[in-house]
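Let's walk through this structure together, starting with its charges and working inward to its core.

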Amino acid sequence: MTTATTREDGLRAIVDATASAVADDPGKAAALFRATGEGAEGVRTEIRIGRHAVTIDEPPALGGDDAAINPVESALAALLSCQVVTYRFWAAKLGIPLDDVRVRTEGDLDVRGFFGLDEAVRPGFGEVRLAVELRGPAPAEDYARLQETVDAHCPVLDLFRNTTPVATTLTTG
């Protein structure tokens with residue numbers, strides 16, 4: 001049994017177990033994700049996500065020490081990694097053999113929006129591009145169907161494509 005086959009079997013088992021768990025009670029499908037963080041030296045942010053520690057910084061041109069990736073690189077990394085996970089899960093669910101998936105992300109950002117130098121320029125990405133390379137023995141049509149399915153179900157891609165309500169509370173003291 002190959003590593004890919006073992007991985008696909010494991011992913012199918014997770015999909016099946018999740019489907020069974022939520023079939024009678026859709027409330028069991030709700031998940032809460034949480035991160036906390038605080039400012040550190042310069043513009044660095046120290047973040048806790050579950051058992052994990054993450055540092056985010058900026059390059060010197062944006063006031064940081066370049067000690068870690070910056071926030072927008074983190075967003076691109078989140079999109080990239082979610083694509084990989086979603087391709088693996090859906091390939092397993094659809095029975096499409098997938099030996100490897102590689103993703104490259106790029107985003108165009110005009111810093112005039114961030115610095116308030118031009119109010120007509122948005123502070124976020126103007127465009128994000130994904131380049132996905134799939135390797136495996138299936139016909140190209142199967143991988144095209146897989147891409148359509150991934151694009152419809154990738155949570156982080158959904159965050160990039162659709163407005164998500166964000167509620168902010170402020171505490172001072």
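The chain carries 17 positive and 27 negative charges, and their mean positions lie 5 Å apart. Here Lys and Arg count as positive and Asp and Glu as negative, while His and the chain ends are not counted; each charge is placed at NZ of Lys, CZ of Arg, CG of Asp or CD of Glu.

Before going further, please note that this is a predicted model, in which local features need pLDDT of at least 70, side-chain atom pairs count only at pLDDT 80 or more, and totals for chains, interfaces and linings use all residues. Residues are numbered from 1 along each chain as its sequence is written, and side-chain values use heavy atoms, leaving out hydrogens and water.

Following the chain from its start, you meet the pattern α-β-β-β-α-β-α-β-α-α. That gives 5 helices and 5 strands, taken as DSSP runs (H or I, at least four residues, for helices; E, at least two, for strands) and numbered from the N terminus.

How much of the chain is buried? Buried residues account for 21% of the 173 residues, where buried means under 20% relative accessible area with a 1.4 Å probe, protein chains only.

Now look inside. The largest nonpolar core (buried Ala, Val, Leu, Ile, Met, Phe, Trp, Tyr and Cys residues joined through side-chain atoms within 4.5 Å) has 16 residues, and Tyr87, Leu98, Tyr143, Leu146 and Val150 touch the most other members. Two or more residues come from each of helix H2 (71-94), strand S4 (100-109), helix H4 (140-153) and helix H5 (155-161). H2 gives the largest share, 5 residues.

Methods. Buried < 20%, exposed > 50% of the residue type's maximum accessible area, 1.4 Å probe, protein only.
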